[in-house]
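Student: I should like to learn how to read helix packing and cysteine pairing in a model. Could we take the two topics in turn?

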Amino acid sequence: MIKLGLVGEGIAKSQSPDLHERLGASLGEPVRYDLVDSRGVADFDFPNAIQKLRAEGYRGTNVTFPFKEKAAQLADIRGEGVRRVGTANTLLFDADGLRAENTDYTGFISAYRHSFGSQPAGEVLLIGAGGVGRAVACALGELAVSHIHILEHDASRAESLSRDLNAMGIKAACITSEQAQQELPQWQGVVNCSPIGHINHPGCPIDTAGLGAQHWVFDAVYIPAHTELLNAAHQAGAKTLSGVDLFVFQGVDAFRFFTADCITSEQIDPHVIPLRTHYIEQLVAPQRSNS
């Protein structure tokens, strides 16, 4: 039995336990995946929670909001995604120490290529410069992005991301909502990495009047799968990439790390697309069939 976990705040509705247990069952490797939810816990001690999981024999744990930066800082060993992005969403309890990986970074690259192939990302509007925004922005650097326009209400966070991206050789600049609205028709991509659109933060992060068939649009939100942004993009004839895709591909990449000592990547590969199909049918298809 492989014991895994997820540490985060307000994670009761996470689909991660289902994904990892389902994938393990498909490969004949039983998985137990537990949630460690900090919501409502006074003075939640993240390092102590991680140490406790290690002491109880867990192979590793996923990490989500608001602990991704702390996870990267806590690690003894940092994978390429963590070194690039500065945050981690996967921690592994290795013999050499605590190892951190960022599968939001690798997962977005896989999800984009699965849906759009070798299409260059082009000029992209990035909404939200938090943990997922950073990971996706760095991933866009591997997908022939020509310029990232950052729209973020926290000016210091936006400037920090812009500075870091430019230092990596990825052209980026901060913009206002007004600039975004005006320039959107000339750009190719729209990426929402803010929580706006989530069941707990309803709404649409931008004015969608400028969306058209020339765009590709990604929304990191997957609860609900049909966000206002993706619905508007679909109606405008744009290509869309659901947060469900990122959820599946980042989850599979984390599973690869967790099980590297007992399951090969080649064994996992045939299960990825059926798994994606399952979650698209569960989370995306129901509403689309009714619309």
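Student: At what angle do helix α5 and helix α10 pack, and how far apart are their axes?

Tutor: Two packed helices are described by the angle between their axes and by the distance between those axes. In this predicted model, α5 (residues 103–116) and α10 (residues 243–258) pack at about 125°, and their axes lie 8 Å apart. Because of that angle, α5 is oblique to α10.

Student: What is the handedness of the crossing of α5 and α10, and which residues make the contact?

Tutor: The α5 and α10 crossing is right-handed. On the α5 side, the contact involves Thr-103, Asp-104, Thr-106, Gly-107, Phe-108, Ser-110, Ala-111, His-114 and Ser-115. From α10 come Asp-245, Leu-246, Phe-249, Gln-250, Asp-253, Ala-254 and Phe-257. Sorted by class, this contact of α5 with α10 holds 6 nonpolar, 7 polar and 3 charged residues.

Student: Turning to the cysteines, how many disulfides are there?

Tutor: A disulfide is a covalent bond between the sulfur atoms of two cysteines. The criterion is a pair of cysteine sulfur atoms within 2.5 Å, and the count here is 0. Cys-174 takes part in no disulfide, the nearest cysteine sulfur being that of Cys-138, 14 Å away.

Student: Why is the sulfur of Cys-193 not in a bond with that of Cys-138?

Tutor: The closest cysteine sulfur to that of Cys-193 belongs to Cys-138 and is 11 Å away, which is too far for a bond.

Student: Are Cys-193 and Cys-174 buried or exposed?

Tutor: Cys-193 is buried, since its relative accessible area is 12%, under the 20% limit. Cys-174 counts as partly exposed, because its relative accessibility is 36%.

Conventions: Residues numbered from 1 in each chain as written. Predicted model: local features only at pLDDT ≥ 70, side-chain atom pairs only at ≥ 80, totals over all residues. Heavy atoms only, no water. Axes fitted to C-alpha atoms, helices over the stretch in contact; angles between N-to-C directions. Helix = DSSP H or I, 4+ residues; strand = E, 2+ residues; numbered from the N terminus. Parallel < 35°, antiparallel > 145°, perpendicular 65-115°, else oblique. Left-handed = near helix turned anticlockwise from the far one by under 90°. Contact = heavy atoms within 4.5 Å. Nonpolar A, V, L, I, M, F, W, Y, C, P; charged D, E, K, R; others polar. Buried < 20%, exposed > 50% of the residue type's maximum accessible area, 1.4 Å probe, protein only.
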